Amino acid sequence: MDKVLFYVDPVSEPCRSVQMFLDATNIPYEAKIINLLTAEHRTDEYKAINPTQTVPAIAHGDLKLFESVAILIYLTDKFSTPDHWYPSDLKKRAKINEYLQWHHMNTRWKGGLLVMLKFVFLPMFLKVEVSEEEQNAAITALKETLDVFEKCFLKDNKFIAGDEISIADLMAIGELIAPDGIGIYAGKNRPKVEAWHNRVKEALGSHYDVAHKTLYELGSTLKSGLSKSIDY
């Protein structure tokens, strides 16, 4: 069977989620690095793979696919991965789908991306002035998202969909760990979130650290570039 060609920028949260899955399931793949900061995603060559010019994307045989959730679901089916990742039980699968539908405009946008946008990407990389009010609003949105995440999805479960890790956990952890690079740990004063985070790390083993290596390396640089310390 053809290797999966995986188009990835290790800084991207959805990319890290897909990478953790590929590594944890031993799916044969070849990583193709697409550096967003140098606009490699804007090339005609990459546009032929993904016309929306986002990451991640994959090419597998004659299939070209983008959007991380679509990629993960395809991989679970195509490679017959262990059932817990995307269960055949319809009720368990429905709970995973429920989270994934909620994820994009909540954990994805308010849980990590908005914080990184207001504290890192706009002021540091694009040199756009961001007000303290905007930054505080991003922190508030993160806290509100975590409130819902705990109450409606984690509840008293070990993982989002029950007792075993699934693709829902991979999507969530990729986003919620991102602000940790600037000193905003999602599990702070949230025992349920912290315990869930630790279980995800344990379930993934070294694959967790490999996927987040670039984020860890960027951490000190990002923190030193902050205009002020963050009260979180």
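**Two domains and a cis proline**

Q: What are the helix and strand shares of residues 2–83, and how far apart are the end C-alpha atoms?
A: In this predicted model, the span 2–83 is 35% helix and 22% strand, and its end C-alpha atoms lie 22 Å apart.

Q: Which feature does UniProt place there?
A: The UniProt record, an unreviewed entry, has "domain: GST N-terminal" at residues 2–83.

Q: And what does the domain assignment give for the chain?
A: Domain 1 covers 4–81 and domain 2 covers 87–225. Taken over C-alpha atoms, the centres of the two domains are 20 Å apart.

Q: How many residues does each domain put into the contact?
A: Domain 1 puts in 17 residues and domain 2 puts in 21 residues.

Q: What area is buried between domain 1 and domain 2?
A: About 1,700 Å², with carbon and sulfur atoms giving 71% of that.

Q: Why quote an area at all?
A: Because the size of an interface is often given as the accessible area lost when the parts come together.

Q: Which residues of domain 1 lose the most area to domain 2?
A: Glu-13, Arg-16 and Met-20; together they account for 37% of what the domain 1 side buries.

Q: What is the salt bridge partner of Glu-13?
A: Arg-108, with the closest N and O atoms 3.1 Å apart. Across the interface of domain 1 and domain 2, the rule finds 1 salt bridge.

Q: How many residue pairs are in polar contact across that interface?
A: The rule finds 3 such pairs between domain 1 and domain 2, counting residues at pLDDT 80 or more.

Q: Which helices supply at least two residues of the domain 1 side?
A: Helix H1 (13–24) and helix H3 (68–78) each do. H1 gives the most to the side touching domain 2, with 9 residues.

Q: How does that side of domain 1 split by class?
A: There are 9 nonpolar, 4 polar and 4 charged residues on the side that touches domain 2.

Q: Changing topic, is the peptide bond between Val-55 and Pro-56 cis or trans?
A: The bond joining Val-55 and Pro-56 is cis, with omega at about 5°.

Q: Where does Pro-56 lie?
A: In the loop between helix H2 (44–49) and strand S3 (57–60).

Q: What about the phi of Gln-53?
A: Phi of Gln-53 is near 60°, a positive value in a residue other than glycine. Gln-53 is also placed in the loop between H2 and S3.

Q: Why bring up a positive phi and a cis bond?
A: Because most residues other than glycine have a negative phi, and most peptide bonds are trans.

Methods:
Residues numbered from 1 in each chain as written. Predicted model: local features only at pLDDT ≥ 70, side-chain atom pairs only at ≥ 80, totals over all residues. Heavy atoms only, no water. Domains from an automatic or database assignment. Contact = heavy atoms within 4.5 Å. Buried area = accessible area lost by both parts, 1.4 Å probe. Salt bridge = Lys/Arg side-chain N within 4 Å of Asp/Glu carboxyl O. Polar contact = N/O pair within 3.5 Å; in protein donor to acceptor, adjacent residues only side chain to side chain. Helix = DSSP H or I, 4+ residues; strand = E, 2+ residues; numbered from the N terminus. Nonpolar A, V, L, I, M, F, W, Y, C, P; charged D, E, K, R; others polar. UniProt positions renumbered as here; feature names shortened; annotations may be inferred.
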